[in-house]
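Me: I would like to go through this structure with you, beginning with the strand pairing. Could you take me through it step by step?

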Amino acid sequence: MESSDHAHLESMFTKLTMALLVCILAACSSPKKESRAILPADLHGHWNLVSAFPDTVDIKKGTVENRPYLSIDTAKKTIGGYSGCNSFGGEYTLLKHQLTIADLMATQRGCIGSIEPTYFSYLRRVTRYEASQDSLKLYAKDTLLLSFVRQPAPAKQP
């Protein structure tokens with residue numbers, strides 16, 4: 001009987017050793033593709049609007065100073081900017097790549113022919129984003145609404 005117990009223990013040990021070896025080899029043999037995760041910090045900064053989709057709105061009208069932009073502060077979870085007519089601000093929530101912009105407060109200056117109605121409408125519809133070091137795209141589900149480029153940081157004075 002003792003021989004049978006010994007054989008059973010040896011068999012179990014062999015099976016456990018083989019299972020452990022298979023797990024180790026599986027973990028080592030298939031290197032995982034590393035994809036850089038977009039971090040909320042990637043959203044932080046000043047973003048200049050370059051296009052609104054569909055291209056029914058001419059954002060290049062007027063001067064560069066009158067073009068819409070977003071400023072996102074990830075530490076405070078606030079969003080603000082300029083709509084092409086009024087300054088605005090508010091809060092946002094972020095869950096992975098889902099972005100929800102809360103009700104925005106804006107100054108009440110009237111501007112005829114401004115992109116503002118479209119811009120605010122699109123900001124209210126945003127459900128997700130894609131960001132990289134120098135571009136930000138805001139979507140309503142799978143529809144691209146607004147595309148931005150990061151404004152370069154001002155050069156430091158000596």
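Reply: Certainly. In this predicted model, Thr-78 stands opposite Glu-91 in E4. Strands E3 and E4 run antiparallel and are joined by five bridges.

Me: Which residue takes a positive phi in the hairpin of E3 and E4?

Reply: Gly-84 does, with a phi near 100 degrees; the hairpin has four residues between its strands.

Me: How many residues of E3 are buried?

Reply: Four of the five residues in strand E3, which spans residues 78–82, are buried, and the strand is mostly covered.

Me: What lies on the other side, between E2 and E3: how many bridges, and parallel or antiparallel?

Reply: E2 and E3 run antiparallel, with five bridges joining them. Ile-72 stands opposite Ile-79 in E3, and Leu-70 has Gly-81 in E3 as its bridge partner. These two strands also form a hairpin, with four residues between them.

Me: Which residue in that turn has a positive phi?

Reply: Lys-77, which is found in the loop between E2 and E3. Its phi is near 60 degrees, a positive value in a residue other than glycine. As background, most residues other than glycine have a negative phi.

Me: Is Lys-77 buried or exposed?

Reply: Lys-77 counts as exposed because its relative accessibility is 51%, and the cut-off for exposed is over 50%.

Me: What about Lys-141: where is it, and what is its phi?

Reply: Lys-141 is in the loop between E8 and E9. Its phi is near 55 degrees, again positive in a residue other than glycine. With a relative accessibility of 66%, Lys-141 counts as exposed.

Me: Back to the pairing. Which strands does E1 pair with?

Reply: E1 is joined to E2 by four bridges, and these two run antiparallel. E1 and E9 also run antiparallel, joined by five bridges.

Me: Which residues are the partners of His-46, Trp-47 and Asn-48?

Reply: His-46 stands opposite Ser-71 in E2. The bridge partner of Trp-47 is Arg-150 in E9. Asn-48 has Tyr-69 in E2 as its bridge partner.

Me: A change of topic: how many disulfides does the count come to?

Reply: The count comes to one disulfide. It is formed by Cys-85 and Cys-111, whose sulfur atoms are 2.0 Å apart. The torsion about the S-S bond is about 85 degrees, so this disulfide is right-handed.

Me: Where do Cys-85 and Cys-111 lie?

Reply: Cys-85 lies in the loop between E3 and E4, and Cys-111 in the loop between strand E6 (105–106) and H2; the pair therefore ties together parts that are 26 residues apart in sequence.

Me: And how accessible are Cys-85 and Cys-111?

Reply: Cys-85 counts as buried because its relative accessibility is 3%. Cys-111 is partly exposed, with a relative accessible area of 27%.

Me: Now the interior. How many residues does the largest nonpolar core have?

Reply: The largest nonpolar core has 25 residues. Among those with the most contacts inside this core are Leu-70, Tyr-119, Leu-138 and Phe-148.

Me: Which elements each supply at least two residues of this core?

Reply: They include strands E1 (45–52), E2 (69–73) and E4 (87–95), helix H2 (116–125), and strands E8 (135–140) and E9 (143–150). H2 gives the most to this core, with four residues.

Me: Which residues does Leu-138 touch?

Reply: Leaving aside residues up to four places away in sequence, Leu-138 touches residues including Leu-70, Leu-99, Leu-123, Val-126, Tyr-129, Leu-146 and Phe-148. Arg-128 and Thr-143 are also among the residues it touches.

Me: Finally, the chain as a whole. What are its elements, and in which order do they run?

Reply: The secondary structure comes to two helices and nine strands. From the N terminus on, these elements run α-β-β-β-β-β-β-α-β-β-β.

Me: And what of burial, surface and contacts in the chain?

Reply: Of the 158 residues in the chain, 27% are buried. The chain exposes about 11300 Å², and carbon and sulfur atoms supply 60% of that area. Among contacts between residues at least 6 apart in sequence, 47% join residues at least 24 apart.

Key:
Residues are numbered from 1 along each chain as its sequence is written. This is a predicted model: local features need pLDDT of at least 70, side-chain atom pairs count only at pLDDT 80 or more; totals for chains, interfaces and linings use all residues. Side-chain values use heavy atoms; hydrogens and water are left out. A nonpolar core is a set of buried Ala, Val, Leu, Ile, Met, Phe, Trp, Tyr and Cys residues joined through side-chain atoms within 4.5 Å. Buried means under 20% relative accessible area, exposed over 50%, partly exposed in between (1.4 Å probe, protein chains only). Contact means heavy atoms within 4.5 Å. Accessible areas come from the Shrake-Rupley method with a 1.4 Å probe; for residues, only the protein chains shown count as cover. Two strands pair if DSSP finds at least two bridges between them. A disulfide is a pair of cysteine sulfur atoms within 2.5 Å.
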